[in-house]
Number of protein chains: 4
Amino acid sequence: MKGKTYDELEVGMSASLTRTVTEADVVMFGGVTGDLNPAHFNEVYAAASPFKGRIAHGMLGAGYISAVFGMSLPGPGTIYLEQTLGFKAPVRMGETITASVELVEKLPKGRCRFTTTCTNQDDTVVITGEAIVLPPR
Amino acid sequence: MKGKTYDELEVGMSASLTRTVTEADVVMFGGVTGDLNPAHFNEVYAAASPFKGRIAHGMLGAGYISAVFGMSLPGPGTIYLEQTLGFKAPVRMGETITASVELVEKLPKGRCRFTTTCTNQDDTVVITGEAIVLPPR
Amino acid sequence: MKGKTYDELEVGMSASLTRTVTEADVVMFGGVTGDLNPAHFNEVYAAASPFKGRIAHGMLGAGYISAVFGMSLPGPGTIYLEQTLGFKAPVRMGETITASVELVEKLPKGRCRFTTTCTNQDDTVVITGEAIVLPPR
Amino acid sequence: MKGKTYDELEVGMSASLTRTVTEADVVMFGGVTGDLNPAHFNEVYAAASPFKGRIAHGMLGAGYISAVFGMSLPGPGTIYLEQTLGFKAPVRMGETITASVELVEKLPKGRCRFTTTCTNQDDTVVITGEAIVLPPR
């Protein structure tokens, strides 16, 4: 129950999590964040929007990235410091998203820089970004 | 059910959402993101950690920011393009978090730049950052 | 709000509960148990598996059996002592499962032995087993 | 995303999952299984019961065992065949439960027998049992 320490980490290490986005995920994510935007919750509204139907919350994918850091790499004990997110494409319910992180630089003061990417089942990039995390000691 | 357009928006406009973080929020956020990190789900582990107890997912606060954009300012029809997040302090269950956004710059191509901040009930800043969004047309 | 006592129970008594398994049930069951196995959560993975798609958690059906004991027969006040489970067939989302229990033997010390079976809408047996419970006094 | 095969498994291998049981877990577990037994949902009733307060569903611990099989050992691709459960002690909300599995015998036809145990934060055994699973090929 302890993730990799700074010394155990090497540039190029990566980890990922894959999950199908369901309507239930969107309902619960909306419930706990308060983001009840009609783009996610109103099919009549959403069908008339540029996306032609309800989409998932972009921040749900950011949650998957967080899951990879906290559970896999570096893993438990990691402290999340910074994250940048570029939302590149909408995610619809039923899509299967892979959140991947890769260590690209070991920084001073025990910090690490990772690239963070979410892709869908067709390898379309839906989220890009980078994170700075502090691995467990 | 339509947010403010680019032309209707003015630098300095702001909006916020305030919500108490409950244990149920953390359970559901973890369930839908897959982030079952022991820092959030194992009190014995967490009590022995630097945070001295379970904390909420940092990305939950990012969800609150997303909620303000999608529901208040600019509001429905907004397309989320970019977000930076600095996690400055842990959030415990029972804390009451306010997510605030403020328009700081109207950019070319119909885009807007906002500062995004989450503070707790004691005005401690827990998340800082900026976002680029595309208001509805 | 009190179930049947040992003296009120007779061999051959039975009760059941029927429920359609939804995607939301699977998402929430996985969230609260931590069982985010890709067989339940990753459609791309599951489609390539022997089951040709996502299936529900087998233990969800065990939860239905527990529900019959605690709510119907013997009912409130029952103490669950033992359960055996044989998982005979996968359950897909959309299937309608009936969990049935039947009293087959009154044991010493106030205990009762039940057969416990889950079947789907086509009468295919998906779970078999037996339970020992202590009815309310 | 593939668990250990029969050949990769050795007697004595073990894995576990630890999680604090929250009120939200009980609410959601009850919602998805239909087990709304007053022992779990009615504090007035439960306070007057032998357990002196609401307890969690015993089958929730069985779900943790299922999680270990499906996610850790043998891991993804495992088919759950049989499980016996002995409920030895009640679990209250706030308790931290560890579900552990240990391979005790490699059986014919690619099957494996595991002991399965749940203990609480004080090392009190709350669930005992055994399982037969079919590891991935």
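Colleague: How many salt bridges are there between chain A and chain B?

Modeller: In this predicted model, the count between chain A and chain B is zero salt bridges. A salt bridge needs a side-chain nitrogen of Lys or Arg within 4 Å of a carboxyl oxygen of Asp or Glu.

Colleague: What makes chain A and chain B count as being in contact?

Modeller: Contact requires heavy atoms within 4.5 Å. By that rule, 37 residues of chain A are in contact with 37 residues of chain B. The area buried between chain A and chain B is about 3,200 Å², and carbon and sulfur atoms give 64% of this area. On the side of chain A, Val32(A), Met59(A) and Phe87(A) lose the most area to chain B, together 19% of what that side buries.

Colleague: Which residue pairs does the rule for polar contact find across the interface of chain A and chain B, and how many?

Modeller: The rule finds twelve residue pairs in polar contact there, with both residues at pLDDT 80 or more. On the side of chain A that touches chain B, β1 (14-20), α1 (23-33), α4 (58-71) and β2 (79-87) of chain A each supply at least two residues. That side divides into 21 nonpolar, twelve polar and four charged residues.

Colleague: How do you know that β2(A) pairs with strand β2 of chain B?

Modeller: Two strands pair if DSSP finds at least two bridges between them. β2(A) and strand β2 (residues 79-87) of chain B have five bridges, in the antiparallel sense. The pairing is therefore accepted, with five bridges set against a minimum of two. Within it, Leu85(A) stands opposite Gln83(B).

Colleague: Why is α1(A) called largely enclosed?

Modeller: Eight of the eleven residues of α1(A) are buried, so the helix is largely enclosed by the rest of the structure. The buried residues are Ala24(A), Asp25(A), Val26(A), Met28(A), Phe29(A), Gly30(A), Val32(A) and Thr33(A). Just after α1(A), Gly34(A) takes a positive phi of about 85°.

Colleague: What does chain A share with chain C?

Modeller: That contact takes ten residues from chain A and ten residues from chain C. The area buried between chain A and chain C is about 760 Å², of which carbon and sulfur atoms give 66%. The rule finds zero salt bridges across this interface, and two residue pairs in polar contact. β1 and α1 of chain A are the elements that give two or more residues to the side of chain A that touches chain C. The largest share, four residues, comes from α1(A). That side of chain A divides into two nonpolar, five polar and three charged residues.

Colleague: Why is Phe69(B) called buried or exposed?

Modeller: Its relative accessible area is 2%. Buried means under 20%, so Phe69(B) is buried. Phe69(B) has its place in helix α4 (residues 58-71) of chain B. Beyond its neighbours within four places in sequence, Phe69(B) is in contact with several residues, including Pro74(B), Tyr80(B), Gln83(B) and Phe114(B). Phe69(B) and Gln83(B) are 14 residues apart in sequence and 11 Å apart in space, C-alpha to C-alpha.

Colleague: And where does Glu8(B) fall, buried, exposed or partly exposed?

Modeller: Glu8(B) has 44% relative accessibility. Partly exposed runs between the 20% and 50% limits, so Glu8(B) counts as partly exposed. Glu8(B) is found in the segment before β1 (14-20) of chain B. The side chain of Glu8(B) reaches the backbone nitrogen of Thr5(B) at 2.8 Å.

Colleague: What makes Arg54(A) and Glu43(A) a salt bridge?

Modeller: The closest N and O atoms of Arg54(A) and Glu43(A) are 2.8 Å apart. The limit is 4 Å, so the pair qualifies. Arg54(A) is in the loop between α3 (43-47) and α4 of chain A, and Glu43(A) is in helix α3 of chain A, eleven residues apart. Arg54(A) is partly exposed at 24% relative accessible area, and Glu43(A) is partly exposed at 38%.

Colleague: How do you know that Glu23(B) and Arg54(B) form a salt bridge?

Modeller: Their closest N and O atoms are 2.9 Å apart, and the cut-off is 4 Å, so the pair counts. Glu23(B) lies in helix α1 (residues 23-33) of chain B and Arg54(B) in the loop between α3 (43-47) and α4 of chain B, so the pair ties together parts that are 31 residues apart in sequence. Glu23(B) is partly exposed at 26% relative accessibility, whereas Arg54(B) is buried at 15%.

Definitions and conventions. Residues are numbered from 1 along each chain as its sequence is written. Chains are lettered from A and ligands numbered from 1 in the order in which they are written. This is a predicted model: local features need pLDDT of at least 70, side-chain atom pairs count only at pLDDT 80 or more; totals for chains, interfaces and linings use all residues. Side-chain values use heavy atoms; hydrogens and water are left out. Buried area is the accessible area (1.4 Å probe) that two parts lose on being put together, summed over both. A polar contact is a pair of N or O atoms within 3.5 Å; within protein, one must be able to donate a hydrogen and the other to accept it, and residues adjacent in sequence count only if both atoms are side-chain atoms. Ala, Val, Leu, Ile, Met, Phe, Trp, Tyr, Cys and Pro count as nonpolar, Asp, Glu, Lys and Arg as charged, and the others, Gly among them, as polar. Buried means under 20% relative accessible area, exposed over 50%, partly exposed in between (1.4 Å probe, protein chains only).
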